Amino acid sequence: IAAVGACTLASLLCKETGVTLPVLCAGWDALIVCGLEVNDLWTLARAREDSLRRRYLLRTLPALLVRAALLAGVTVALALWRKSLNGPDEPEFARKQNMAAYHGDPLFRKLSFAWVWIEYMQGVFFPHVLSCDWSYPAISTIDEWTDVRATLVVLYLAAWAGILWRHLVVRVSRRAVACLLVGVAP
């Protein structure tokens, strides 16, 4: 927990979204370390069932919930600390600092945000730039359907949805689900 807190603090000092690291660690803990599956919720809900899986879950869940609560506490504490650095004033953003957030059309705003995810993933697999930035004009917004990036974003989101559906319904691999969730929610 302390190591996650230290890594979260370091990532938070680089970019505010680093505060999500403990949440991702809690998800990994549940899916990989404890081996939980989506259907385990139903197993626990059936109070009359006495299976090995249910007994394992009842033995594992208390420690998992304590770790998750500690990680949630780290997340909340660091988020509040970071917010306190702003002082009593609310943060002010200029349109050129985050073009997508100020897009007039809600649908194209979401498509523009998703395009940034694709830019980040491109940076992971093909690290040709130091860091992509939200600021104008580093990543322009998607403003119309004729923009080829709109089609790419829709295909990207459809592919992730299909992969998640397959792994959640067919239950192919908990590790794959954990990795996919990290990819969908960078």
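A salt bridge is a side-chain nitrogen of Lys or Arg within 4 Å of a carboxyl oxygen of Asp or Glu. In this predicted model, Asp-29 and Arg-67 meet that description, with their closest N and O atoms 2.6 Å apart. The protein chain that holds this pair contains seven helices and zero strands. The points below describe the chain as a whole, then its nonpolar cores, its salt bridges, its aromatic pairs and selected residues of helix 2 and helix 4.

**The chain as a whole**

- Read from the N terminus on, the elements follow the order α-α-α-α-α-α-α.
- The protein chain has 186 residues, of which 30% are buried.
- Among the contacts with a separation of 6 or more, 57% are between residues 24 or more positions apart.
- The exposed area of the protein chain is about 12300 Å², and carbon and sulfur atoms supply 68% of it.

**The nonpolar cores**

- In soluble globular proteins, nonpolar side chains tend to be buried together.
- The largest nonpolar core of this model has 12 residues, including Leu-111, Trp-115, Ile-118, Ile-139, Ile-142 and Val-153.
- Two elements, helix 5 (106-125) and helix 6 (148-169), each give two or more residues to this core.
- Helix 5 gives the most to the core, with six residues.
- A second, separate core has six residues, among them Ala-30, Cys-34, Leu-36 and Leu-61.
- Ile-142, a member of the largest core, touches several other members of it, including Phe-108, Leu-111, Trp-115, Ala-150 and Val-153.
- Ile-142 also touches His-103, Ser-112, Asp-147 and Arg-149, when residues up to four places away in sequence are not counted.

**The salt bridges**

- How many salt bridges does a search of the whole structure find? The search finds two.
- One of them is the pair of Asp-29 and Arg-67. Asp-29 lies in helix 2 and Arg-67 in helix 4 (residues 52-84), so this salt bridge ties together parts that are 38 residues apart in sequence.
- Is Asp-29 buried or exposed? Asp-29 counts as buried because its relative accessibility is 10%, and the cut-off for buried is under 20%.
- Its partner Arg-67 counts as partly exposed, at 28% relative accessibility.
- Arg-149 and Asp-147 also form a salt bridge, with 2.7 Å from N to O.
- Arg-149 is buried, with a relative accessible area of 13%, and Asp-147 also counts as buried, at 19% relative accessibility.
- Both Asp-147 and Arg-149 are among the residues that Ile-142 touches.

**The aromatic pairs**

- The count of aromatic pairs comes to two.
- Phe-108 and Trp-145 form a tilted pair, with 5.4 Å from centre to centre and 55° between the planes.
- This pair links distant parts of the chain, 37 residues apart: Phe-108 belongs to helix 5, and Trp-145 to the loop between helix 5 and helix 6.
- Phe-108 counts as buried at 9% relative accessibility, whereas Trp-145 counts as partly exposed at 47%.
- Tyr-156 and Trp-160 form an edge-to-face pair, with 6.2 Å from centre to centre and 85° between the planes.
- Tyr-156 and Trp-160 are four residues apart in helix 6, so about one helical turn separates them.
- Both Tyr-156 and Trp-160 are buried, and both belong to the largest nonpolar core.

**Helix 2 and helix 4**

- Which residues of helix 2 (residues 21-33) are buried? They are Pro-22, Ala-26, Asp-29, Ala-30, Leu-31 and Ile-32.
- Helix 2 is followed by Gly-35, whose phi is positive, near 70°.
- Thr-75 lies in helix 4 and counts as buried, at 14% relative accessibility.
- With its neighbours within four places in sequence left aside, Thr-75 is in contact with Val-19, Pro-22 and Val-23. Of these contacts, Pro-22 is one of the buried residues of helix 2.
- Trp-81 also lies in helix 4, but Trp-81 is partly exposed, with a relative accessible area of 34%.
- Trp-81 joins Leu-9, Leu-13 and Leu-85 in a nonpolar surface patch of about 380 Å².

Definitions and conventions: Residues are numbered from 1 along each chain as its sequence is written. This is a predicted model: local features need pLDDT of at least 70, side-chain atom pairs count only at pLDDT 80 or more; totals for chains, interfaces and linings use all residues. Side-chain values use heavy atoms; hydrogens and water are left out. A nonpolar core is a set of buried Ala, Val, Leu, Ile, Met, Phe, Trp, Tyr and Cys residues joined through side-chain atoms within 4.5 Å. Buried means under 20% relative accessible area, exposed over 50%, partly exposed in between (1.4 Å probe, protein chains only). Contact means heavy atoms within 4.5 Å. Patches are made of residues with over 30% relative accessible area and no salt bridge: like charges are joined within 9 Å, nonpolar side chains (Val, Leu, Ile, Met, Phe, Trp, Tyr) within 5 Å. Accessible areas come from the Shrake-Rupley method with a 1.4 Å probe; for residues, only the protein chains shown count as cover. Rings of Phe, Tyr and Trp (its six-membered ring) pair if their centres lie within 6.5 Å; planes under 30 degrees apart count as stacked, over 60 as edge-to-face and the rest as tilted.
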